[in-house]
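Got your viewer open? Load the model, switch to a cartoon view and keep the selection box handy.

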Amino acid sequence: MSTFQELGLNADLINAIEDLGFKTPSEVQQKAIPVLLEEERDLVTLAQTGTGKTAAFGFPMLQKIDVGSRTTQGLILSPTRELCLQITNELKNYGKYCKGLNVVAIYGGASVTDQAKQIKKGAQIVVATPGRMKDMINRKLVDISKIQYSVLDEADEMLNMGFYEDITSILSHTPDDKSTWLFSATMPKEVATIARDFMYDPIEITVGNKNESTSQVSHEYYLVNGRDRYLALKRLADANPDIFSVIFCRTKRDTQRVAEKLIEDGYSAGALHGDLSQNQRDLVMKAFRNKQIQMLVATDVAARGIDVDDITHVINYQLPDEIETYTHRSGRTGRAGKTGVSMVIVAKSEVRKIKSIERIIKKQFEKKDIPSGIEICEVQLMSLANKVHNTEVNHEIDTYLNSINALFEDTDKDELIKKFFSVEFTRFFNYYKGAKDLTVSESRESSGSGSGDDVRYFINVGRKDGYDWMSLKDFLKEILELGRDDVFKVDVKDSFSFFNTEKENEKKVLDFFTDFKYNGRYVNVEISENKGRSGRKRSRGGKRRDGGDKSHGERRSRRSDHSENRSERRGRRSDSPKPRRSGSRSGSDRPRRSRRR
Ligand code: AMP
């Protein structure tokens, strides 16, 4: 194993490395730094975040640029503002002894004028998000016509986020003879295309296997009924009292909803997604870094660039639409030499995705059961006992000791311990007493249909409206904001069709179609009785109606006296008794976690 000196780094950088406390170069640094220092070549590197890749391109770039010149010589493109700022900070730290160095971050959501002023001072290195960079090029506020080095960091993520055109447009403003260094955690087709089209004979470096997750992370999945997802999440959190986690949801709405429910239930949680203002996101991230938030609920996009090293658990509340994204999610834990756990809460219809992910990450998942109520009580009790055991005595209490002793004069040690622990334990015990088993068996099926956990719907559009099963599925997925596999068993007839979703999406589907007009006509969706192929359907109020192939006219006329029907149905639905969940109480007597600071 080489040292940083042996890699060929100069004294200014070595001094900074010593200050930072880096002892030995990481694998990606060992492989990339010598090549980049010696040759003017393009480079494609497959490496996860947390492997030290910023330094792998940062050190050579800092050593090669001319800090005496004010010309912009290096451009680094990264997918998010957070990552952009993180890279800028790292480069400033690495280059703290490079006199005259000016590294400037360019990203959306902040003042263009301020950023332009900083560039004007002479920035040798610009770190940018593609959108803002393109904007500033168009406004001639930045000149990248003389750069010698360009870095595409987290290329897969930038392409995932739809930056392909921005990137190509930006690169068209750079000289042909520059070197391009591409870093990516995975190598989907799109990244390979960029490498082919924009790079010349690149050196390829792989750290670990392509798409492989870091070896420090173990992968677990928990099979539950879709409707129990949230309860399962709480149990996973309760079974890990010291959890410090990122919880991934698929949409911004689910992210917000799950975070709000967790907060309501007394957990120290926060939401991170694109509908929050930059200021709100900064505050949440600050609280998370300071560990005031134990459970950060995030969308994939917002979670990019979270540079927190000691995340213990990643919880996939829902699997991502693109299974490749799983690698990014799980890579949030197991960083900087630590171990981590990536948990997936799955419904039966998604089990096959687990197999696909296993193929991608080249690792096996362990199927685990959601901890039972009594197991959680035990964990909580022992965690409390350990905490009490390790607590430093606060001698301010000494003054009151006599009074307290007097109160417990007749209580022996065992009794005192029992009473003491009951204060905290009884809450959990009462909540979990008789709680049902949330784990479901995998045996019946894993193909996403007919599991008993899905709902079949009737919809009054069909072939006559130009749909086939694929286009109807796409249409439904898009308007309902559902994932790739969330709409299934689509069966298109002449003037109506059927489709299924998971039970957990039932409310979303019915609510959406309560008053939905498309191309000037009402689109009506009702629950069908028959789970399989076409059959009789049931109105939302529970009445059965004949499910024959009704003409649109007939449906439309039924729809015209609709407002009354609709409100009636709505009323019935909301008045119907909520499903009783064992252990579930109204908000106030749920076990609430004491907030941790
Ligand atoms: P990155 O993969 O660039 O996001 O780096 C992950 C973290 O590892 C950052 O906090 C770096 O400061 C740190 N790091 C980078 N290189 C080394 C090294 N050789 N030894 C120890 N820590 C490092």
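Here is a tour with stops to select and a note on what is at each one.

**Before you click**

This is a predicted model, where local features need pLDDT of at least 70 and side-chain atom pairs count only at pLDDT 80 or more, while totals for chains, interfaces and linings use all residues. Residues are numbered from 1 along each chain as its sequence is written, and side-chain values use heavy atoms, with hydrogens and water left out.

Start with the whole chain, coloured by secondary structure: you should find 22 helices and 22 strands. Those are DSSP runs numbered from the N terminus, with helices being H or I of at least four residues and strands E of at least two. Of the 597 residues, 52% count as buried; buried means under 20% relative accessible area, exposed over 50% and partly exposed in between, with a 1.4 Å probe and protein chains only. Look at contacts between residues at least 6 apart in sequence, and 76% of them join residues at least 24 apart. A contact here is heavy atoms within 4.5 Å.

**Stop 1: a parallel sheet**

Which strands sit at the edges of the sheet ordered β3-β4-β2-β5-β6-β1-β7? The sheet is open, has 7 strands and is paired in parallel, and its edges are β3 (103–106) and β7 (203–206), each pairing on one side only. Neighbouring strands are turned by 15 degrees against each other on average, direction ignored. Two strands pair if DSSP finds at least two bridges between them.

Select 103–106 together with 125–128: β3 and β4 are joined in the parallel sense by 4 bridges. Put labels on Val104 and, in β4, Val126, which stand opposite each other.

Now bring in the helices. Residues 27–38 are helix α2, which packs on the sheet and touches β1 (43–46), β6 (179–184) and β7; its direction makes about 165 degrees with that of β7. Residues 112–120 are α5, lying across β3 and β4 and running at about 155 degrees to β3. Axes are lines fitted to C-alpha atoms, for helices over the stretch in contact, and angles run from 0 to 180 degrees between N-to-C directions.

**Stop 2: inside that sheet, Leu152**

Zoom in on Leu152, in strand β5 (residues 149–152). Is this residue buried or exposed? At 2% relative accessibility, Leu152 counts as buried. Show its surroundings and you get Leu77, Met158, Ile167, Thr180, Trp181, Leu182, Phe183 and Ile194 as touching residues, leaving out those up to four places away in sequence. Then draw a C-alpha to C-alpha distance from Leu152 to Ile76: they are 76 residues apart in sequence but 6.1 Å apart in space.

**Stop 3: another sheet**

Next up is an open sheet of 7 strands with parallel pairing, in the order β10-β11-β9-β12-β13-β8-β14. Its edge strands, each pairing on one side only, are β10 (269–272) and β14 (366–368). The average turn between neighbouring strands is 25 degrees, direction ignored.

Pick 269–272 and 295–298 to see β10 and β11 pair in the parallel sense over 4 bridges. Leu272 has Ala298 of β11 as its bridge partner. Add 278–289, helix α12, which packs on this sheet against β9 (245–248), β10 and β11, its direction at about 140 degrees to that of β10.

**Stop 4: a helix pair**

Select 229–238 and 413–432, which are α10 and α18: their axes come within 14 Å and cross at roughly 150 degrees. The two helices are therefore roughly antiparallel to each other, a label for angles over 145 degrees. Their contact is made by Leu231, Lys234, Arg235 and Asp238 of α10 with Phe428, Tyr431 and Tyr432 of α18. Colour by surface accessibility and see that 10 of the 10 residues of α10 are buried, so this helix is largely enclosed by the rest of the structure.

**Stop 5: antiparallel strands**

Finish at 497–502, strand β17, where 6 of the 6 residues are buried, so the strand is largely enclosed by the rest of the structure. Strand β15 (residues 454–459) runs antiparallel to β17, joined by 6 bridges, with Val455 partnering Thr501. Strand β16 (residues 488–492) is also antiparallel to β17, through 3 bridges; Val492 stands opposite Ser497. Trace the backbone from β16 to β17 and you have a hairpin with 4 residues between the strands.

Key. Angles under 35 degrees count as roughly parallel, over 145 as roughly antiparallel, 65 to 115 as roughly perpendicular and the rest as oblique.
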